[in-house]
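Please work through the following exercises on strand pairing, salt bridges and annotated spans with the sequence and coordinates at hand. Each task is followed by a solution in steps.

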Amino acid sequence: MIEGVMGRRNASFVLLQVLLLALFCTQSLGQISNLMLSVKEGLPAKTIVGDLGAVLSTPSTGFFISESRASYVFRDLEIDADTGIISTVVVLDRESRDKYEFVAATLTGEMIRVRIEVEDVNDHSPVFPSKEVELGISELSPPGSRFQLEGATDQDEGGFSTQGYSIKESEMGELFHLDFRMGSEKLHSLDLVLNSKVDREAHDFFTLTIEAFDGGIPARTGTVQVNIRILDENDNPPVFNQSEYHTTVREDAPIGSIVSQVLASDSDLGDNSRITYEINRRQSDPNHIFSINETTGFIYLSKPLDFETHPFHELIVTARDDGAQPEYSSTFVGVKVLNINDNSPTISVLFLSETGEADVSEAAAVGDYVARISVSDPDLEEHRITVSLEGGDGKFTLKQTDDFLYALCVNAELDREERDLYELRVQASDFGTPPLSSEMLLLLKVSDANDCHPVFEQDVYTVSIAEDAPLGSSLIHIPARDDDEGINSEIRYSILKSQQDGLFSIDPNSGLVTTAAVLDRETQMEVWFLVLAEDGGEPSLSSTATVTVLVEDVNDNEPVFQQQLYNVSIPEHMDIGSCFLQVVATDADSPEFGALFYSLSDGFVSQEKHLLFQIHPLTGELCVSQDIDRDIGPTVHDILIKAEDPGGLSAQAYVHIEIQDLNDNPPVFSPEEYTVSVSSHAPPGTEIVNVIATDRDSGRFGQITYKIHPGDMSSLFTLDKQTGR
């Protein structure tokens with residue numbers, strides 16, 4: 001069979017040489033024909049492509065092909081050697097191979113150079129690099145702005161490749177159109193062109209679908225979704241909620257009183273919409289009678305009012321956004337000063353805090369003074385003035401210390417964490433006719449005292465970590481919170497000293513606990529320590545949380561045999577299944593990794609199946625698996641035993657086994673019968689024969705003595721019992 005295959009291969013090789021030689025000769029003589037054929041890709045197998053005989057001058061009944069049967073020509077094409085008909089074997093794919101070339105020869109020596117072109121059909125659709133594209137367009141982009149996109153690729157060629165693009169959503173045509181230019185080697189230039197300006201405040205997001213189509217009929221298409229996000233620019237000025245503001249204020253309104261509030265909004269985003277308020281001093285209020293909070297728009301009284309000299313004030317308030325090129329807008333604020341009796345009481349407040357500000361410590365005791373309030377009325381020096389206090393929910397009270405002096409006192413325990421600001425209203429009324437009164441609004445802030453301990457989310461945290469965790473591994477984050485504020489709420493963390501010092505550390509600022517030393521579950525399965533959270537107050541307050549760390553076992557301990565070498569002796573012919581030795585190994589890991597499996601080993605990776613012995617995989621008992629005959633086999637066996645844990649760690653021990661002999665073999669003569677001739681004249685003592693016997697046993701069981709059995713002739717001969725002579 002092999003010779004037949006080799007013969008056919010040799011014949012094909014010789015034929016190929018002949019064809020090449022003939023091609024050379026015919027080219028020299030100009031006797032060669034060219035056959036140009038074409039076939040469309042995608043046609044079913046067995047499609048006829050052409051006929052080799054179509055270019056011959058005379059019909060031929062046989063053809064030789066220059067290609068071997070293993071070539072790509074015969075893989076995809078079938079060429080009838082008798083008729084010359086060429087047909088397909090498989091469905092052709094132009095994108096895989098676009099032509100086939102070979103040489104055919106007739107029996108008469110004519111040569112045909114064949115070239116088959118695979119024609120393209122529209123069997124591929126345009127494909128974009130991705131299904132979706134994200135695009136950002138500034139709302140200040142002018143019409144005509146171009147945004148380059150990646151075009152679609154089509155494996156077909158010519159008119160079947162990508163021919164153009166369109167936007168599927170017709171309503172998008174008002175905003176965008178596509179500009180497509182085809183370059184060399186199918187390199188497309190595709191731009192999304194802006195038709196008209198966009199306004200983020202009107203529409204901040206567009207989605208459109210771009211469709212690529214080829215030149216087939218019907219055309220094949222591919223799509224990509226373009227998500228367009230309109231980027232904000234500072235193109236909108238702030239807008240006030242009123243074109244003008246009008247308000248009234250008493251001429252005796254205290255400095256700091258809120259006069260009015262202006263409010264503007266900006267439809268841009270981020271800094272472009274962040275608004276700052278200011279009073280235009282060049283056009284209004286040059287004497288700074290009023291001030292404005294640049295963030296909230298609250299207008300405050302900065303200087304005393306006097307109706308008689310200035311009954312009406314006009315303010316121009318400007319709102320400016322925080323854009324790189326800020327936008328401005330202005331509004332008019334009219335402040336009408338209300339005339340009152342000039343002899344109405346006046347109220348003065350002196351806050352007794354260290355800074356003189358309107359604040360009181362939450363640690364203030366009941367009865368402590370917060371402020372001194374004085375009232376006066378120039379026209380009523382001889383008359384009484386009544387002073388009352390409103391607001392404060394009973395936390396504050398007024399205590400009269402003189403005819404016109406009052407003390408604002410703490411009346412109940414304060415708690416800043418419950419409420420940090422009180423609005424108090426002090427009213428002074430005279431007894432004139434009609435009676436006149438005045439009022440002052442006090443915004444009293446409760447300042448923090450360090451009265452709150454840091455609080456952990458839990459009192460006890462339990463966490464697990466593998467014993468092989470590297471140094472610096474994150475263990476647990478245990479943040480605490482402190483309801484105080486400022487430095488009183490700043491918390492630092494530490495680990496209280498214990499027997500476990502050095503195993504863990506904690507970040508003093510974040511409360512992140514990390515490992516600081518190597519862990520060993522076999523030494524310590526559970527570790528606990530206290531974490532201290534301490535605030536920055538004077539004196540500081542603190543709290544603790546207990547952290548219990550469960551050290552998880554990993555397979556980091558190899559099995560250990562009680563002995564590395566076992567010596568044992570057993571008698572031959574010991575009962576099969578009898579166990580004569582138990583090896584014992586231990587593993588310091590947990591039962592998950594410490595359960596051991598015993599096997600006989602060859603010293604490498606694989607297990608070995610011994611002919612004479614076997615070991616119980618769980619108990620380590622070494623037992624006899626076949627009958628042992630010391631006289632026909634080795635008298636000593638050295639066995640390597642492996643103990644392996646579930647994680648693949650192992651240890652080995654050697655067992656030296658000596659086979660003890662039993663007297664289980666009789667002596668055997670060789671030969672079993674001796675025939676000798678003795679002369680009748682042989683004198684006594686003549687050696688007639690030396691008989692020899694052997695015993696397969698050893699030691700004393702293998703030592704042989706000889707004797708002659710008693711009989712009629714036994715008295716005529718003697719035998720050396722040691723040598724057998």
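The exercises below concern a predicted model.

**Exercise 1. The four-stranded sheet**

Determine the strand order of the open sheet of four strands and identify which strands form its edges.

Solution.
- Step 1. The order of the open sheet is S1-S7-S6-S3, and its pairing is mixed.
- Step 2. Strand S1 (32-40) and strand S3 (63-65) each pair on one side only, and these two are the edge strands.
- Step 3. From one strand to the next, the twist averages 30°.
- Step 4. S1 runs parallel to strand S7 (residues 111-119), and nine bridges join the two.
- Step 5. As a point of registration, Leu-37 stands opposite Ile-116 in S7.

**Exercise 2. A salt-bridge network**

State which residues are linked with Arg-181 in a network of salt bridges, and classify Arg-181 and Asp-179 by accessibility.

Solution.
- Step 1. The structure holds 19 salt bridges.
- Step 2. In one of these, Arg-181 is paired with Asp-179, and the closest N and O atoms are 2.7 Å apart. This value satisfies the criterion of within 4 Å.
- Step 3. Arg-181 has 41% relative accessibility and therefore counts as partly exposed.
- Step 4. Asp-179 has a relative accessible area of 18%, so this residue is buried; the cut-off for buried is under 20%.
- Step 5. The network of salt bridges links Arg-146, Asp-179, Arg-181 and Asp-191.

**Exercise 3. A salt bridge between distant parts of the chain**

Locate the two partners of the salt bridge between Glu-485 and Arg-416 and decide whether each is buried or partly exposed.

Solution.
- Step 1. The closest N and O atoms of Glu-485 and Arg-416 are 3.6 Å apart.
- Step 2. Glu-485 lies in the loop between strand S35 (480-481) and strand S36 (491-495), while Arg-416 lies in the loop between strand S29 (405-410) and strand S30 (421-429). The partners are 69 residues apart, and the pair links distant parts of the chain.
- Step 3. Glu-485 is partly exposed because its relative accessible area is 33%.
- Step 4. Arg-416 counts as buried because its relative accessibility is 9%.

**Exercise 4. Strand S49 and its partners**

Establish in which sense strand S42 and strand S48 each pair with S49.

Solution.
- Step 1. Strand S42 (residues 565-571) pairs with strand S49 (residues 650-660) in the parallel sense, over seven bridges. Pro-571 has Gln-660 in S49 as its bridge partner.
- Step 2. Strand S48 (residues 636-644) pairs with S49 in the antiparallel sense, over nine bridges. Here Ile-641 has Ala-653 in S49 as its bridge partner.
- Step 3. The hairpin of S48 and S49 has five residues between the strands, and Gly-648 takes a positive phi near 95° in this hairpin.
- Step 4. Lys-642 forms a salt bridge with Glu-644, with 3.8 Å between the closest N and O atoms. Lys-642 counts as buried because its relative accessibility is 7%, whereas Glu-644 is partly exposed at a relative accessible area of 25%.
- Step 5. In a regular strand, side chains alternate between the two faces of the sheet.

**Exercise 5. An annotated span**

Name the feature that UniProt places at residues 457-561 and describe the span.

Solution.
- Step 1. An unreviewed UniProt entry places the feature "domain: Cadherin" at several spans, including residues 457-561.
- Step 2. Residues 457-561 are 0% helix and 46% strand.
- Step 3. The end C-alpha atoms of this span lie 49 Å apart.

How values were computed:
Residues are numbered from 1 along each chain as its sequence is written. This is a predicted model: local features need pLDDT of at least 70, side-chain atom pairs count only at pLDDT 80 or more; totals for chains, interfaces and linings use all residues. Side-chain values use heavy atoms; hydrogens and water are left out. Two strands pair if DSSP finds at least two bridges between them. Axes are lines fitted to C-alpha atoms, for helices over the stretch in contact, and angles run from 0 to 180 degrees between N-to-C directions. A salt bridge is a side-chain nitrogen of Lys or Arg within 4 Å of a carboxyl oxygen of Asp or Glu. Buried means under 20% relative accessible area, exposed over 50%, partly exposed in between (1.4 Å probe, protein chains only). UniProt positions are given in the numbering used here, feature names are shortened, and annotations may be inferred rather than shown by experiment.
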